[in-house]
2 protein chains.
Amino acid sequence: MAKYAEKILEIVESRCSHPTAEEIFYALRRDYPRVVRATVYNNLHRLCKEQRIAKVSLAGMPDRYDRIARHDHLVCRKCGRVVDIELPDLTKQLEEQAGQPLLSYDLKLFYLCEDCRPAGRQADVVAVDSAASASSGDIG
Amino acid sequence: MAKYAEKILEIVESRCSHPTAEEIFYALRRDYPRVVRATVYNNLHRLCKEQRIAKVSLAGMPDRYDRIARHDHLVCRKCGRVVDIELPDLTKQLEEQAGQPLLSYDLKLFYLCEDCRPAGRQADVVAVDSAASASSGDIG
DNA sequence: AACCATTTTTAGAATAATTCTAATTTTTAT
DNA sequence: ATAAAAATTAGAATTATTCTAAAAATGGTT
């Protein structure tokens with residue numbers, strides 16, 4: 001059907017980088033130099049609606065797109081990088097605690113990635129230096 | 001110090017609506033008709049940096065601002081409304097499962113709110129009708 | 001009170017991400 | 001081959017946010 005949908009799906013799934021619409025647009029344009037941003041957005045909307053990809057957003061950044069399979073994210077508070085993490089499915093536990101049937105949930109864990117962690121000691125990292133952190137206080 | 005910071009803090013904390021910058025701007029303008037959006041953003045940034053408020057973002061909507069005290073959110077998949085929910089603190093559990101020291105986490109539970117829930121039966125609500133839902137597939 | 005330095009606010013232009021609209025092209029079914 | 005439907009294009013429009021430079025407010029010093 002849609003000429004680009006499968007290609008875009010492939011781009012999203014083949015990367016672990018949670019690409020933005022812009023990144024997908026550039027990747028797609030390598031093969032199809034005439035595609036236009038609106039086409040990328042159209043296809044992303046459709047793929048989301050069809051539950052074939054998921055949109056992930058973080059405060060202050062453009063939305064990102066991700067594979068659909070259940071997994072969670074580790075987000076570095078300092079550099080903002082997002083990496084996947086496979087935690088056990090908490091749906092049952094959360095449904096009990098919330099007293100509500102849930103459709104799904106989104107869980108982001110904030111930490112300091114290796115690159116941003118003060119060298120040497122790492123056990124006593126408890127808070128982000130508020131001056132150094134570009135995005136502290138943000139929940140995304 | 002900053003003329004508006006306390007007032008903005010009060011607006012954010014006094015509402016359970018997680019107001020957007022725009023909503024805060026209008027609320028503030030009722031008392032101070034000359035304030036300008038940039039002032040609101042300046043103060044919001046500062047309050048975030050000082051960890052006095054938190055920024056919350058959801059896919060496809062403007063960022064929202066929230067009180068800082070730990071709590072989670074229920075997000076309706078159909079109408080997008082966000083309400084607070086007080087779940088037990090999962091930091092310890094998640095640190096163990098992730099094998100990482102965490103700074104914090106963000107948990108959003110997706111459900112169908114009362115207004116959006118198909119009337120009558122509610123036990124067998126398992127998925128969102130993909131045509132009817134404006135934002136299905138989104139993780140924010 | 002007058003002065004200077006610093007901080008905050010204002011006004012409005014600029015940017016970034018996304019959406020919209022209308023025309024054109026492609027695809028599908030007949 | 002043709003009509004109808006769907007997808008894509010081009011580019012304008014909108015929305016949220018940031019930036020910049022000037023003006024105003026604030027604070028501390030003499």
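The following questions and answers set computed values of this predicted model against the definitions behind its descriptive terms.

In this predicted model, local features need pLDDT of at least 70, side-chain atom pairs count only at pLDDT 80 or more, and totals for chains, interfaces and linings use all residues. Residues are numbered from 1 along each chain as its sequence is written, chains are lettered from A and ligands numbered from 1 in the order in which they are written, and side-chain values use heavy atoms, with hydrogens and water left out.

Q: What makes a residue count as near DNA strand C, and how many residues surround the strand?
A: A residue is near a strand if one of its heavy atoms lies within 4 Å of it. For DNA strand C, 19 residues surround the strand, and the closest are A:Tyr41, A:His45, B:Arg34, B:Thr39 and B:Arg46. Of the strand C atoms within 4 Å of the protein, 76% belong to sugar or phosphate and the rest to bases.

Q: Why is the pair formed by A:His45 and a phosphate oxygen of DNA strand C called a polar contact?
A: A polar contact is a pair of N or O atoms within 3.5 Å; within protein, one must be able to donate a hydrogen and the other to accept it, and residues adjacent in sequence count only if both atoms are side-chain atoms. A side-chain N or O atom of A:His45 is 2.8 Å from a phosphate oxygen of strand C, and therefore the pair qualifies. On the same definition, the 3.2 Å between a phosphate oxygen of strand C and an N or O atom in the side chain of B:Asn43 also qualifies.

Q: Which contacts of chain B with phosphate oxygens of DNA strand D involve a side chain, and which the backbone?
A: A polar side-chain atom of B:Tyr41 lies 2.6 Å from a phosphate oxygen of strand D, and a side-chain N or O atom of B:His45 is 2.9 Å from one. B:Asp63 contributes a backbone N or O atom, at 3.3 Å.

Q: Which element gives the most to the surface near DNA strand C, and which gives the largest share near DNA strand D?
A: Helices (H or I, at least four residues) and strands (E, at least two) are DSSP runs, numbered from the N terminus. By that numbering, α3(B) gives the most near strand C, with 5 residues, while α3(A) supplies the largest share near strand D, 5 residues.

Q: Why is A:Cys76 called buried and A:Cys79 partly exposed?
A: Buried means under 20% relative accessible area, exposed over 50%, and partly exposed in between (1.4 Å probe, protein chains only). A:Cys76 has 2% relative accessibility and therefore counts as buried. A:Cys79, with a relative accessible area of 35%, is partly exposed.

Q: Why is there no disulfide between A:Cys76 and A:Cys79?
A: A disulfide is a pair of cysteine sulfur atoms within 2.5 Å. The sulfur of A:Cys79 is 3.7 Å from that of A:Cys76, its closest cysteine sulfur, so the two are too far apart for a bond. Over all chains, the structure holds 0 disulfides.

Q: Why is A:Glu50 called partly exposed, and where is this residue found?
A: The relative accessibility of A:Glu50 is 38%, so the residue counts as partly exposed. A:Glu50 is found in the loop between α3 and β1 (54-56) of chain A.
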